[in-house]
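Hi,

Here is the structure I said I would pass on. Have a look at it first, and my notes on what turned up are underneath.

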There are 2 protein chains.
Amino acid sequence: MSFKIINQDGYARRGVLTTKTSEIQTPVFMPVGTYGTVKAMTPLQLKEIGFEIILGNAFHLNLRPGLDVIEKFEGLHKFMGWDRSVLTDSGGFQVWSLGDLRKIHANGVEFKSPLDGSMMNITPEDSIKIQLKLDADIVMIFDECTPYPSTHSQALESMQLTHRWAESSKKYFDKMHRNNLIFGIVQGGKYLDLREESLKHMMSLNFDGIAIGGLSVGEPKSIKTKVLQALADKLPSTLPHYVMGVGTPEELVEGVRYGIDMFDCVIPTRNARNGFIYTTNGILKIRNSKHKNSTLPVDQDCDCYTCSNFSRGYLHHLDKCNEILANTLLTICNLAHFYKLMKQIQGAIEQNTFEEFVDLFYDMRGLKKPKL
Amino acid sequence: MSFKIINQDGYARRGVLTTKTSEIQTPVFMPVGTYGTVKAMTPLQLKEIGFEIILGNAFHLNLRPGLDVIEKFEGLHKFMGWDRSVLTDSGGFQVWSLGDLRKIHANGVEFKSPLDGSMMNITPEDSIKIQLKLDADIVMIFDECTPYPSTHSQALESMQLTHRWAESSKKYFDKMHRNNLIFGIVQGGKYLDLREESLKHMMSLNFDGIAIGGLSVGEPKSIKTKVLQALADKLPSTLPHYVMGVGTPEELVEGVRYGIDMFDCVIPTRNARNGFIYTTNGILKIRNSKHKNSTLPVDQDCDCYTCSNFSRGYLHHLDKCNEILANTLLTICNLAHFYKLMKQIQGAIEQNTFEEFVDLFYDMRGLKKPKL
C-alpha cells in the first residue's frame with residue numbers, strides 16, 4: 001500500500017513511496033543526518049535541493065540529546081525542524097562498529113557508552129522503541145552486521161542472530177500499532193546461499209520494505225556486485241529495496257540496475273568537508289592549488305546555489321582559510337549532484353531509456369560500463 | 001552627495017548613504033567578513049536578514065587569497081558573490097595588532113607575515129591600492145591605532161602619524177579617480193583635545209565620511225562615552241559618522257544617541273559561535289543545560305529563520321555536538337537581532353521618538369539609561 005511502481009525498465013524501478021509524512025520519488029538517495037542534522041545544512045537548504053527524506057540515527061540520538069528531550073518535541077521531525085520524511089538506522093551497525101567496547105548476546109548488545117564509558121544495553125525492542133519515539137517514518141530492525149571477512153559458519157551464526165532480532169523487532173513494532181513503516185535487513189556476508197536464505201526469511205516476516213545490510217564494511221567491490229546480482233530477481237516486486245550505506249555515484253547507478261530503490265551514504269557530505277566535489281565529469285579536488293585563480297563554477301552543468309553563485313577560486317579560498325562557509329557551500333554542491341543524479345535516473349526509467357543513460361553516465365566519466 | 005539625512009532627533013540621524021553599488025539605510029550595523037565571508041553565513045542568508053553592507057579586510061585579503069586572485073574577479077563583490085555594498089578596513093588596525101611582529105616607520109609599517117613569517121611592508125598608498133583593487137564601496141584611510149594606555153605625548157605623536165598617512169591615503173585615492181568613497185579616521189586616544197584636533201584635521205581633507213578609530217582597544221567604557229560626547233556636536237553634519245569596531249547593542253544605542261550612523265563589530269558573529277545569543281531580554285547562553293529540554297525559540301519576539309523554526313533545546317543539542325549548523329543558526333539569530341535593533345532605531349528617529357525608544361530599550365533589559 002505504501003509503495004507504488006510507476007514504471008520498470010530492466011530491473012530498474014521508478015516508484016513512489018508514501019510515508020505518514022510525505023511522498024518519496026524513487027530511486028532515491030537519502031542524506032545522512034546522524035545527530036538530527038545533515039552536517040552543515042539547514043533544513044531549508046535540503047528542501048531547496050529537493051530532498052524528500054533524510055536519515056537519523058537511533059543509537060546516536062539516544063545518547064545525545066537523549067529520548068527524554070526528543071519526546072518533548074513529539075519526535076525527531078519537530079526537534080530538527082524537518083517536515084518531510086525520516087528513516088532511522090536501528091543502531092545495529094553503530095553498536096557493532098564499537099568493536100571491543102561491545103559484547104553481543106542473544107537478547108541484544110551490552111556496550112560501553114562512547115560518551116561517558118558507562119555500561120549500557122540495547123535490545124531489538126529497545127531499538128524499535130527508540131525509533132518510534134523518534135517517530136521515524138521508516139524504522140529499521142535491529143540487526144547484527146556480519147563482519148568482513150567471516151567464515152561461512154560465522155556468517156551463518158550472525159545471520160541467524162539477525163533473524164531472531166528481526167522477529168523480536170517486528171513483534172514489538174506490531175504490538176505498538178503505529179503508522180510508521182518497518183524494513184527488514186538481509187544479512188549473510190559474502191555468502192550468496194546465506195543472502196538468499198536471509199532474504200526469504202525477511203520476506204516471510206511481512207515487512208514494508210527490504211534492506212540489504214552488511215555491505216560497505218571493507219569488502220572488495222566485486223562482492224557488493226555479486227550480492228546485488230544474486231538477489232536482483234528474488235527481491236519482492238511490491239516492496240521497496242534499500243541498500244544501506246551505499247554509495248558512490250557509480251554504486252548508485254549499479255544499484256538501480258539491480259533493482260535497488262533506496263540508498264544512503266555519508267560520502268557526499270563527508271567528502272564535501274574534505275574538499276572532494278562530485279561533478280558530471282568526475283571528482284574535483286577543490287584543495288588543489290590549480291583552482292586558486294579559477295573563476296569557473298565547480299560544475300558548469302549544475303544550477304545549485306553554489307555553482308550558480310560561486311567560483312572554484314572562492315571555494316578554494318574558503319577551504320584554505322577553514323571557513324565554515326566552505327563546508328556549507330561544498331556540501332550543497334555534492335548533495336545537489338547526488339540529488340540530480342537520482343532525478344536523471346528516475347527520468348530515464350520513466351522513458352525506458354535507463355541503459356542508454358547508464359552508457360552516457362560511464363562515457364562522461366571515461367569509465368567502462370560494468371556488465372550486468 | 002552620497003549621504004542624505006532624512007530626519008534628525010537630538011543628535012540621532014536617520015539617513016541614506018548611497019555607494020556605487022547600493023543604498024544603505026542608516027544608522028546601520030555592518031557584519032564583519034574578514035576573509036570575504038561573514039563567518040558561517042551564505043550571502044543569501046545575509047540578504048534574507050536584510051543587510052545592505054558588510055565589511056571586508058584589506059590586510060587579511062591581501063595575504064589570502066591575495067590580490068592577484070581577487071583582481072581576476074574584478075573585486076571582492078564578485079569573488080564572494082555579494083552584490084550589495086562592502087566597506088574595507090585599511091589594515092592599519094590589523095598591522096598594529098601584530099605587536100612585536102611589526103615596526104612602524106614614517107612611510108608605513110614593516111611586518112612579519114603571520115602566514116609564513118616573511119618580511120612585508122605596507123604604506124598608506126599600498127593600503128588604498130589594495131582596497132581599490134578589492135573595489136570596496138567605502139575605502140578607509142591607513143591609520144595608526146593609538147594604544148591604550150598612552151601618555152599625551154605618545155597619543156599626539158601617533159595621531160600626527162595618522163594625519164600624515166591620512167593625507168597620503170587621500171592623495172593616492174584622488175589620483176586614482178574612482179567612484180569609491182573614502183573615509184578619514186579620527187585618532188587621539190583618550191585625550192579629548194587630540195580627538196578634537198584630529199577631527200578638525202580629517203574634516204579639512206574632504207573625505208566622504210568620518211570614522212572614529214582607536215576605541216574598543218581595552219579602554220574602560222567611560223572613555224568611549226567621553227570621546228563620543230566630546231565629538232557629538234563637532235562632527236560634520238553632512239557626512240556619515242562611523243565608530244569602528246563597536247559594539248554591543250547598548251553601545252549601538254549610545255552611539256546613535258551621539259550622532260553615529262555606522263557601526264561594525266565581530267560581537268554578534270563571534271559570540272554566536274560561542275553560544276552567547278542576543279535577545280530582546282538580554283543575553284541567552286545556549287550552552288546552559290537548562291535549555292536542554294526547552295521547546296521555546298531563542299527569542300519569542302523574533303521572526304528570523306532560526307527563531308521561526310528551531311528551539312533552544314535543538315540549538316543546545318547542536319552546539320553540544322559541535323555541529324556546524326549550530327554556528328549558522330546561532331549567527332543568523334544574533335545578526336537578525338542586531339539588524340532589527342537598527343531598524344527599530346531608524347523607525348524611532350523617523351518618528352522623533354528616539355529617546356522614548358532608548359527608555360524602552362533599557363527598561364526591557366532591566367538596565368539604567370545612561371545620561372547623555
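**Starting from one lysine**

Let's begin with Lys39(A), which sits in the loop between β4 and α1 of chain A. One thing to keep in mind throughout: this is a predicted model. Is Lys39(A) buried or exposed? Lys39(A) has 21 other C-beta atoms within 10 Å, and 20 or more is the cut-off, so this lysine counts as buried.

What does Lys39(A) touch, leaving aside its neighbours within four places in sequence? The contacts are Thr269(A) and Thr331(A), plus Glu323(B) and Ile324(B) from the other chain. The pairing with Thr269(A) spans 230 residues in sequence, while the two C-alpha atoms are 6.9 Å apart in space.

**Two domains in chain A**

The domain assignment splits chain A into domain 1 (3–265) and domain 2 (268–372). Their C-alpha centres are 26 Å apart. Where they meet, 28 residues of domain 1 of chain A are in contact with 25 residues of domain 2 of chain A. On the domain 1 side, β1 (3–9), β2 (12–18), β4 (28–31), α1 (43–49) and α10 (249–257) of chain A each supply at least two residues. The biggest giver there is α10(A), with six residues. By type, that side of domain 1 of chain A comes out as 16 nonpolar, five polar and seven charged residues.

**How the two chains meet**

Back to the other chain. The contact between the chains takes 31 residues from chain A and 31 residues from chain B. On the chain B side, the elements giving two or more residues are α3 (67–72), α4 (76–80), α13 (312–320) and α14 (324–350) of chain B. Of these, α13(B) gives the most, with five residues. The side of chain B that touches chain A divides into 14 nonpolar, 11 polar and six charged residues.

Chain B superposes on chain A by a rotation of 180° with 0.0 Å of shift along the axis, at an RMSD of 0.0 Å. The two copies are thus related as by a two-fold rotation axis. Which C-alpha of chain B is nearest the axis? That of Ile324(B), 3.6 Å from it, and Ile324(B) is also one of the contacts of Lys39(A). Also, 100% of the interface residues of chain B are interface residues in chain A too, so the copies meet through the same surface.

The helix α14(B) deserves a look of its own. It has 27 residues and reaches 39 Å from its first C-alpha to its last, close to the 39 Å expected at 1.5 Å a residue. Of those 27 residues, 21 are buried, so α14(B) is largely enclosed by the rest of the structure. After α14(B) comes Asn352(B), with a positive phi near 55°.

**The annotated sites**

UniProt (unreviewed entry) has a "domain: tRNA-guanine(15) transglycosylase-like" annotation on residues 10–363 of chain A. Over that stretch, the chain is 44% helix and 19% strand, and the end C-alpha atoms are 20 Å apart.

For "active site", the unreviewed UniProt entry lists Asp89(A) and Asp264(A). They span 176 residues in sequence, yet their C-alpha atoms are no more than 10.4 Å apart, so they gather at one spot.

- Asp89(A) is in strand β6 (residues 85–89) of chain A and is buried, with 27 other C-beta atoms within 10 Å. Its contacts beyond four places in sequence include Leu55(A), Asn57(A) and Met140(A).
- Asp264(A) is in strand β14 (residues 262–265) of chain A and is buried as well, with 23 other C-beta atoms within 10 Å. Its contacts beyond four places in sequence include Met30(A), Met244(A) and, again, Leu55(A).

The "binding site" annotation, also from the unreviewed UniProt entry, covers Asp89(A), Ser90(A), Gly91(A), Gly92(A), Phe93(A), Asp143(A), Gln187(A) and Gly214(A).

- Asp143(A) lies in the loop between β10 (138–140) and α7 (152–176) of chain A and counts as buried, with 31 C-beta neighbours inside 10 Å. Among its contacts are Ser90(A), Gly92(A) and Gln187(A).
- Gly214(A) lies in the loop between β12 (209–212) and α9 (221–231) of chain A and is buried, with 31 other C-beta atoms within 10 Å. Gln187(A) is among its contacts too.

Cheers

Terms used: Residues are numbered from 1 along each chain as its sequence is written. Chains are lettered from A and ligands numbered from 1 in the order in which they are written. This is a predicted model: local features need pLDDT of at least 70, side-chain atom pairs count only at pLDDT 80 or more; totals for chains, interfaces and linings use all residues. Domain bounds come from an automatic or database domain assignment. Two residues are in contact if their C-beta atoms, placed from the backbone, lie within 7 Å. Helices (H or I, at least four residues) and strands (E, at least two) are DSSP runs, numbered from the N terminus. Ala, Val, Leu, Ile, Met, Phe, Trp, Tyr, Cys and Pro count as nonpolar, Asp, Glu, Lys and Arg as charged, and the others, Gly among them, as polar. The expected span of a helix is 1.5 Å times one less than its number of residues. A residue is buried if 20 or more other C-beta atoms lie within 10 Å of its own, exposed if 12 or fewer, and partly exposed in between; C-beta atoms are placed from the backbone. Copies are superposed by least squares on the C-alpha atoms of residues with pLDDT of at least 70 in both. UniProt positions are given in the numbering used here, feature names are shortened, and annotations may be inferred rather than shown by experiment.
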